[in-house]
Amino acid sequence: MHGAKVETQGLFSYVSPEQRVPQDHPLRAIRAIVDRSLAEMDSHFSTMYSSYGRPSIPPEFLLRALLLQVFYSIRSERQLMEQLNYNLLFRWFVGLGMDDEVWVPTVFTKNRDRLLDHGTVREFFRSVLEQARGQNLLSEEHFSVDGTLLEAWASQKSFQPKDPEDRSGDGSDFRGQERSNETHASVTDPDARLYKKAPGEASRLAYLGHVLMDNRHGLIAGEQVTTADGTAEVDAATQLVDDLGGNQRITLGADKGYDRHGFVQNLRDRNVTPHVARKRKGSAIDGRTTRHAGYAMSIHVRRRIESIFGWMKTVGGMRKTRFRGLERVGLHFSLVTVAYNLVRMVRLGVA
């Protein structure tokens, strides 16, 4: 018998979003880790807002929503708000009820500067990493470092002479012109630099993202975004090692691009054993390092860092950044590293 077509016009539900999310859903374990970190940051959030005026949207809600944007590769805050309007899973993760009103996309634009000024995302990264340390997931002595190209949100035609009098046309016809970072700059993103990661590649406007990886379980122990230049990778690696603190001896794996005499000596001065892949000629790494079995292990394990960059670019949307300016690109990069650590920790069994 053909059933009658009855369309429901209203919705009355006695089942909460909490009950609708399966108990084995991966976001449940991630939400537990996130909630613990956000609870620890309560005093930090208190310093961000005035005691007077209209109540703000809780920063905990904003951070959870931004994490969802990374997890599900959502391209814009506008699409995120669209999903949050009808996706019960998203509402549950953020903390919104079924009837709560969804914010306008400009909420993120207005709050991004507040997150930058107070270092909230960096504090979030530190808090999540402390949970991993408490679960004994960090080795504290064996690390790897590498950098990756982050294409800037600026077109090639925006890369024009710094002197306005030397500019002609819209910048789209630059064949035959000699362009360099000394004489040219992007008029839409001045912090971006013309750069290529390897010989033979096309130069593009970009930033460099740097990651310090713990070798035990592949967690990100440190991160940084810099302008793109020839010494940015070794300078950032030195800074990331300094940020670790402590006086114990550690090892640092890296590829051939880090095989530079000045960098290797800086590591040794800091009580760091340089497990750097050797160049064929003029290598700064000698037999006193390569003779140990740990050197070969570090060279093998450091390749895992490429999977981090792969996840950040394909899932996290870092192949081409959606933001302009070093600070905003760095803020998004930090958030994506938090998201990666959360996914990795859940896979390792943290709950």
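Biologist: How far apart do the C-alpha centres of domain 1 and domain 2 lie?

Modeller: They lie 32 Å apart. Keep in mind that this is a predicted model.

Biologist: Which residues make up domain 1 and domain 2?

Modeller: Domain 1 covers 17-118. Domain 2 joins two pieces, 139-153 and 206-323.

Biologist: What makes you say that domain 1 and domain 2 are in contact?

Modeller: Contact requires heavy atoms within 4.5 Å. By that rule, 8 residues of domain 1 are in contact with 6 residues of domain 2.

Biologist: How much area do domain 1 and domain 2 bury between them?

Modeller: About 450 Å². Carbon and sulfur atoms account for 51% of that area.

Biologist: Which helix gives the most to the side of domain 1 that touches domain 2?

Modeller: Helix α4, residues 59-71, with 3 residues. By class, that side of domain 1 has 3 charged, 3 polar and 2 nonpolar residues.

Biologist: How many salt bridges run between domain 1 and domain 2?

Modeller: The count is 0. Polar contact is another matter: 2 residue pairs between domain 1 and domain 2 make one.

Biologist: How many salt bridges does the structure hold?

Modeller: It holds 15. One pair is Arg64 with Asp35.

Biologist: Why is the pair Arg64 and Asp35 called a salt bridge?

Modeller: The cut-off is 4 Å from a side-chain nitrogen of Lys or Arg to a carboxyl oxygen of Asp or Glu. Arg64 and Asp35 meet at 3.0 Å, N to O, so the pair qualifies. In general, side chains of opposite charge can pair when their charged atoms come close.

Biologist: What makes Arg64 and Asp35 a link between distant parts of the chain?

Modeller: They are 29 residues apart. Arg64 is in helix α4, while Asp35 is in helix α2, residues 26-40.

Biologist: Where does UniProt place the feature "domain: Transposase IS4-like"?

Modeller: The unreviewed UniProt entry puts it at residues 180-342. Over that stretch the chain is 38% helix and 21% strand. The end C-alpha atoms of residues 180-342 are 40 Å apart.

Methods
Residues are numbered from 1 along each chain as its sequence is written. This is a predicted model: local features need pLDDT of at least 70, side-chain atom pairs count only at pLDDT 80 or more; totals for chains, interfaces and linings use all residues. Side-chain values use heavy atoms; hydrogens and water are left out. UniProt positions are given in the numbering used here, feature names are shortened, and annotations may be inferred rather than shown by experiment. Helices (H or I, at least four residues) and strands (E, at least two) are DSSP runs, numbered from the N terminus. Domain bounds come from an automatic or database domain assignment. Buried area is the accessible area (1.4 Å probe) that two parts lose on being put together, summed over both. A polar contact is a pair of N or O atoms within 3.5 Å; within protein, one must be able to donate a hydrogen and the other to accept it, and residues adjacent in sequence count only if both atoms are side-chain atoms. Ala, Val, Leu, Ile, Met, Phe, Trp, Tyr, Cys and Pro count as nonpolar, Asp, Glu, Lys and Arg as charged, and the others, Gly among them, as polar.
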